[in-house]
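Please read this briefing alongside the sequence and the three-dimensional view shown below. The topics are the strand pairing, the ligand shell and the nonpolar cores.

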Amino acid sequence: MTAIQDTPSFPFAREETYHPSPLYARLRKEGPISRVKLYDGKLAWLLTRHKDCCEALSSDRLSADRRAPGYPEIHPGGLKAREAIPTFVNMDDPGHAAQRAMLEGEFTPETVARKWRPVMEQVVDAVLDDFVAKGEAAAREQRPVDLVKDFAVHAPTLIIYRVLGVPDADVARLSRDSEIRNSTSRNAAETANLELQKYVGGLVKQKMQHSQELDANSDIISKLVVEQLKPGHLTEDQVTTLAFLVLTAGNAALINSIALGVLTLLQHHTQLADFQKRPEALAGQLVNEITRYHTASGLNSRRAVKEDIEIGGQVLKRGEGVICAVQAANRDAEIFPDPDVFDIHRPAGLRPVDCLGFGFGPHRCQAEAFSRTQLEIIFVKLFKRLPGLRLARAETELVYSDPKMNIGVEELPVYFS
Ligand code: HEM
C-alpha cells in the first residue's frame, strides 16, 4: 500500500462506481484531521471522524459565511456564489437563526405530516402512473426504462413546485428546465438555472401584486410574501433568493438518494424481500441507511475558523478552512459497526440523528423531516406497485456523476419483471 501523499487534493475522486474514495477510510485511521489542497492551491483541514465532524459543526467558533477569510471553496463556481445575496445557509447566528425561523413552520415534522404528506402521496401516485405506462411501452419493445429520467427526477421536482406554489400552468415548462439542470451538461444547466431564477423572481412579483388575495398558509412563496415582503422584513430579491434556495437546495440529493437507493436495494435481495414484506414498518430504517451509506450531499458542510479551536487534539487557527467530510463520518466504525455494509436492519439503538447525511448542528438540513417522509413514500409506493423491479445493467456498467462531485447515477435502466 502506498503512503498517503503529503497533502492530497480535495475533493477525492471515487475509484469504483458509487463507493466513496478509499482515501477517506485511510485518513480516518491514519490522519483524521489532515490538511488537503483545494483547486485554487489553498489548504484546508479535512475532518473524517464522526465525533470531530459533530464537534466542528456545532461550534460557534466556525463560520458558514462564504465571505469569511479561509472559507474553503471546492470549485470556481463557489466564488460566483459568494457574490450572490446570501441566504441563512451561509450566515451565522443570530442572522442565520432569524432567517431560518421564517421557514421553520413549513418544515416541522407536524406540518410535513399534516400538510405536505398528502401532496407527496398524490404527486408520487401520478408520477408512478406515467412511469408504469412508459415502462410497459418499453417492455413491448423489449427495452428497459430509465428510473432516473422517467421517475426519480420528477417526483421531488413536482412536489417542491407544489410546496412553493408554482401554478399548474407553468409546471410543464419548468420541468423541462429541471431535467436540463439535473443533466451533466454544465453550460446547459447554468442557463436553465438562470431561467429558473428569473421565473421565481417573476412569481414573487406576481404574488406581491395580488397579495390581498393570498393565503399565507397555502404555499411557501405566499407565506414569504405575506409575512416578510409586505411588512418590509425582506426585500423582493431576498424573498426570490430564499424561494430559489428551497427549490434547488435538496433536489439533486433527493434524486440521487432515490436512484442509488433503488440500485442498492436491488443488489441486496434478502433486505429487499424483508422490506417488501413490511414496507411501512421498515421505510424509516431503509431511508436512514440510504442517507448514511450514500450521503448524497457530502460536500456542503464546510466552514471557516473565526476563533482558534482545538478539535481532536489539533488546533485549527482563525482564518483556516475546515471541511467536515460527513460521507467519511457516516462510515466511522465507532458509531456504525461494519460501516461499509449496507444494512437496513442496523440496531434499533441507532438514532436518525447519528446519521450525518443531513448534516449536524445549527445548519442541519431544515428539510430533513420533509425529505425523509418523501423518500419513505417513494420507496413504499414504488416497490408495492412494481414488486418485480430489476436492474437491466450491472453496477459496473452504469454511468455515475463526476467522481469528484456528490455521488449520483446518471441513468438506471430497469425492467418491471
Ligand atoms: C436527501 C435530501 C437532502 C439531503 C441529503 C440534504 C442534506 C443537507 C445537508 C448535509 C445540510 C447541511 C449543510 C451544512 O452543514 O452547511 C443541509 C442543509 C440544508 N438543507 Fe438539505 N438536504 C436534503 C434535502 C433538502 C430539501 C428538499 C430542502 C428544501 C426543501 C433542503 C434545504 C436545506 C436548507 C435550507 C439547509 C440549510 C440549513 C441551515 O443552514 O440552517 N434540503 N441539507
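How many bridges join β4 to strand β10? Two bridges join them, and β4 and β10 (residues 413-415) run antiparallel. This is a predicted model, in which local features need pLDDT of at least 70 and side-chain atom pairs count only at pLDDT 80 or more, while totals for chains, interfaces and linings use all residues. Residues are numbered from 1 along each chain as its sequence is written.

**Sheet**
- Three strands (DSSP runs of E, at least two residues, numbered from the N terminus) form an open antiparallel sheet in the order β4-β10-β9, where pairing requires at least two DSSP bridges between two strands.
- The edge strands, each pairing on one side only, are β4 (145-146) and β9 (390-391).
- V145 stands opposite V414 in β10.

**Ligand shell**
- Around the ligand there are 26 residues (C-beta atom, placed from the backbone, within 6 Å), of which G250, S301, G359, C365 and A367 come nearest.
- Helices (DSSP runs of H or I, at least four residues) that each supply at least two shell residues are α11 (236-248), α12 (251-267) and α16 (368-385), and α12 gives the most, with three.

**Nonpolar cores**
- The largest nonpolar core (buried Ala, Val, Leu, Ile, Met, Phe, Trp, Tyr and Cys residues joined through C-beta atoms within 7 Å) has 71 residues, of which A152, A155, A243, A259 and F379 touch the most other members; buried means that 20 or more other C-beta atoms lie within 10 Å of a residue's own.
- The largest share of this core, nine residues, comes from α12.
- Apart from this core lies another, of 31 residues, among them A44, A56, I323 and V326.

Notes
A residue is buried if 20 or more other C-beta atoms lie within 10 Å of its own, exposed if 12 or fewer, and partly exposed in between; C-beta atoms are placed from the backbone.
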